[in-house]
Amino acid sequence: MDSTTYENIGNYRKSHILQVSHDHFQLNKLHHQILTKVLEAAINHVSARFGPPPSLFSFFVMGSAGRQEQSIWSDQDHGIVYQNLSEEGRPYFLTLGKEISKGLYQAGYPYCDGGIMAGNPFWCKSITEWQEQLAKWTMEASWESIRYLLIFLDARSIYGEDEYVSVLKRQIYQTVNKKHLHTKLLNNTLHLKKGINVLGQLLVEIHGPHTGSLNLKELGFLPYVNAVRLASIKENVLETSTLSRLEKIHATWLSAKEREYYIDQFSRLLNYRLLFCHSSDYDSGHYLPINRLSKDQTKEIKEIIKSGATLYHTVRKLLEKEDYYGDE
């Protein structure tokens, strides 16, 4: 791959994306490769102008990239944590963060609408500042603070000092488990929308450009992702992907048979998104047109959605019980 320019990296992405578009693991491997190449190019550009990074640091991704659950299209969600140093570090790493964002945009990854990018001071801090920020979020435990904690919990370091992110995650786990904040985390996750009505029919969009399609992100993915992320906090699991987290969940949550069942269901969900969701843009990649499904496939999608709801409610009950009884 010619990584001298972001445009070249973007062209490489375009020429290879369709080759891996039906294989979830190969697709995410390609995304990781592109992210790494952009990052290396950005570091070279900034180093040429301002010198090498003034300290050790970690660049991390969050959201679907952090969980390694990206589809063909993916936007940006990332941040930087750097070693404590003098004030020279802040402007340098903010400049680097903005350069990375620009490079990813030119390589085919839209900017994050919410500004969750390393060029934003909110997501680019020294490790001490991050520790203080995480402590503040857990102490406040407001809806917004909990939302930020949940976003950060999907962080995955892809360059530099991986341990920085691990240290920060352990801090969150320790505080949440000590203060029994699981219910607050639960209340912050999106309300579980019903994907199937009382007649057993899939609930599709009835207005807008995706009329007749199933919102696979809300009805399919979020119940699994939210439930398993919350269980992983209790289990102090550092892995970020939903499949990896499921594999690590203790038998007190799910039996071996149940765990394998949910791993299979979520794997099927990942495959359905690649096979049937439109790939023309980021937004359409979340919608599954059910008129393209056979009778058996429709039945399978219903089972996947029901299973996600069951998993979510199971985890919710266990966490609410834990918060009620505490350490007794």
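**Helices, cores and a sheet**

User: What span does helix H11 reach from its first C-alpha to its last, in Å?
Analyst: This is a predicted model, where local features need pLDDT of at least 70, side-chain atom pairs count only at pLDDT 80 or more, and totals for chains, interfaces and linings use all residues. Residues are numbered from 1 along each chain as its sequence is written, and side-chain values use heavy atoms, with hydrogens and water left out. H11 covers residues 256–276, 21 residues in total; helices (H or I, at least four residues) and strands (E, at least two) are DSSP runs, numbered from the N terminus. At 1.5 Å a residue (times one less than the number of residues), the expected value is 30 Å, and the helix comes close to it, reaching 30 Å.

User: Is Lys179 buried, partly exposed or exposed?
Analyst: Lys179 sits in helix H7. Buried means under 20% relative accessible area, exposed over 50%, partly exposed in between (1.4 Å probe, protein chains only). Lys179 has 47% relative accessibility, so it counts as partly exposed.

User: Which helix gives the largest share of the largest nonpolar core?
Analyst: A nonpolar core is a set of buried Ala, Val, Leu, Ile, Met, Phe, Trp, Tyr and Cys residues joined through side-chain atoms within 4.5 Å. The largest has 64 residues, and Trp123 and Ile301 have the most contacts inside it. Helices that each supply at least two residues include H5 (127–140), H11 and H12 (295–325). The largest share is ten residues, and it comes from H9.

User: Which residues does Ile301 touch, not counting those up to four places away in sequence?
Analyst: Contact means heavy atoms within 4.5 Å. Leaving out residues up to four places away in sequence, Ile301 touches Leu202, Leu214, Tyr272, Leu288 and Leu293.

User: Which strands are the edge strands of the open sheet?
Analyst: Two strands pair if DSSP finds at least two bridges between them. The four strands run in the order S3-S2-S1-S4, with mixed pairing. An edge strand pairs on one side only, which fits S3 (124–126) and S4 (156–160).

User: What angle does the direction of helix H4 make with that of S2?
Analyst: Axes are lines fitted to C-alpha atoms, for helices over the stretch in contact, and angles run from 0 to 180 degrees between N-to-C directions. S2 (residues 78–82) is joined to S3 by three bridges, and the two run parallel. Helix H4 (residues 89–106) packs on the sheet, touching S1, S2 and S3. Its direction makes an angle with that of S2 of about 155°.
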